[in-house]
Amino acid sequence: MMNGMHPLVARLAQSAGASPIDLASLDDWLARPGDRALFFSGDPVRFPEGVDVAVVLPELRAAHAGAFEIGVVLRQDEDAVARRFGAQHWPSLVFVRDGRYVATVAGMKDWDDYVELVGRALAAPATRAPTVGIPVVAAHAGPSCH
């Protein structure tokens, strides 16, 4: 394992057309049009399922006619990127479309379930990421009893 990345996760980034994603490259990658999946593998010792997801992810993409691009979030930035999208479980796939959050599929699944869940994510509308945020209040807003 190099830099905490299991060799099969590294292979996904190197030979399956996946993009390695860190904090510096995230916004540029998200700005590209279309459907994309951010892959959070997690620590391969604590979350061995991450290696399984790395192996089946190219097949999941093929099962959906290549409908999404894959980004492998580098281990050193996983926590920071995960917070941005509200991902709390490893491994996870966070689907985005045109830079906007769509859905998260967490954990390793049986093949048919995985294909179905990814299909649902690709068909779902973009929405707000399930993050903990600070409510925005307009500067001119007055006091409220609620």
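Contact here means heavy atoms within 4.5 Å. This is a predicted model, in which local features need pLDDT of at least 70 and side-chain atom pairs count only at pLDDT 80 or more, while totals for chains, interfaces and linings use all residues. Residues are numbered from 1 along each chain as its sequence is written, and side-chain values use heavy atoms, with hydrogens and water left out.

**Overall arrangement**

The chain holds five helices and five strands, where helices (H or I, at least four residues) and strands (E, at least two) are DSSP runs numbered from the N terminus. Their order from the N terminus on is α-β-α-β-α-β-α-β-β-α. Of the 146 residues in the chain, 41% are buried; buried means under 20% relative accessible area, exposed over 50%, and partly exposed in between, with a 1.4 Å probe and protein chains only. Among contacts with a separation of 6 or more, 73% come from residues 24 or more positions apart.

**Helices α4 and α5**

In helix α4, which covers residues 78-85, the buried residues are E78, V81, A82 and F85. These residues lie on the same side of α4 because they cover an arc of only 100 degrees around the axis, the arc being that of the directions from the helix axis to the C-beta atoms. The buried residues of α4 pack against α2 (23-31), β2 (35-40), β3 (69-73), β4 (92-97) and β5 (100-106). After α4 comes G86, with a positive phi near 75 degrees.

Helix α5 (residues 111-123) has 13 residues and should span 18 Å at 1.5 Å a residue, which agrees with the 18 Å between its end C-alpha atoms; the expected span is 1.5 Å times one less than the number of residues. Y114, V118, A121 and L122 are the buried residues of α5, and they line one face of the helix, since seen down the axis they fall within an arc of 100 degrees. The face turned away from that buried side carries the exposed residues D112, R120 and A123. The buried residues of α5 pack against β2, α3 (49-63), β4 and β5.

**Loop residues**

S41 is placed in the loop between β2 and α3 and counts as buried, at 5% relative accessibility. Leaving aside neighbours within four places in sequence, S41 is in contact with V9, F47, G50, R75, E78, W90 and P91. W90 and P91 are joined by a cis peptide bond with omega of about -10 degrees, and P91 lies in the loop between α4 and β4. D43 also has its place in the loop between β2 and α3, and its C-alpha atom is separated by 8.3 Å from that of W90, 47 residues apart along the chain.

Two loop residues other than glycine have positive phi values, as tabulated here.

| Residue | Phi | Loop | Relative accessibility |
|---|---|---|---|
| A65 | near 55 degrees | between α3 and β3 | 73%, exposed |
| D98 | near 50 degrees | between β4 and β5 | 49%, partly exposed |

**Largest cavity**

About 40 Å³ of space lies in the largest cavity, a cavity being a set of points on a 1 Å grid over the protein atoms alone where a 1.4 Å probe fits but cannot get out, with lining residues having an atom within 4 Å of a point. Of the 11 residues that line the largest cavity, H6, V9, S41, G42 and P44 are the closest to its centre.

Conventions:
On a 1 Å grid over the protein atoms alone, a cavity is a set of points where a 1.4 Å probe fits but cannot get out, and a pocket is an open set with protein on both sides within 12 Å along at least five of seven lines; lining residues have an atom within 4 Å of a point. Grid points are joined across faces, edges and corners, and a volume is the space filled by probe spheres set on the points.
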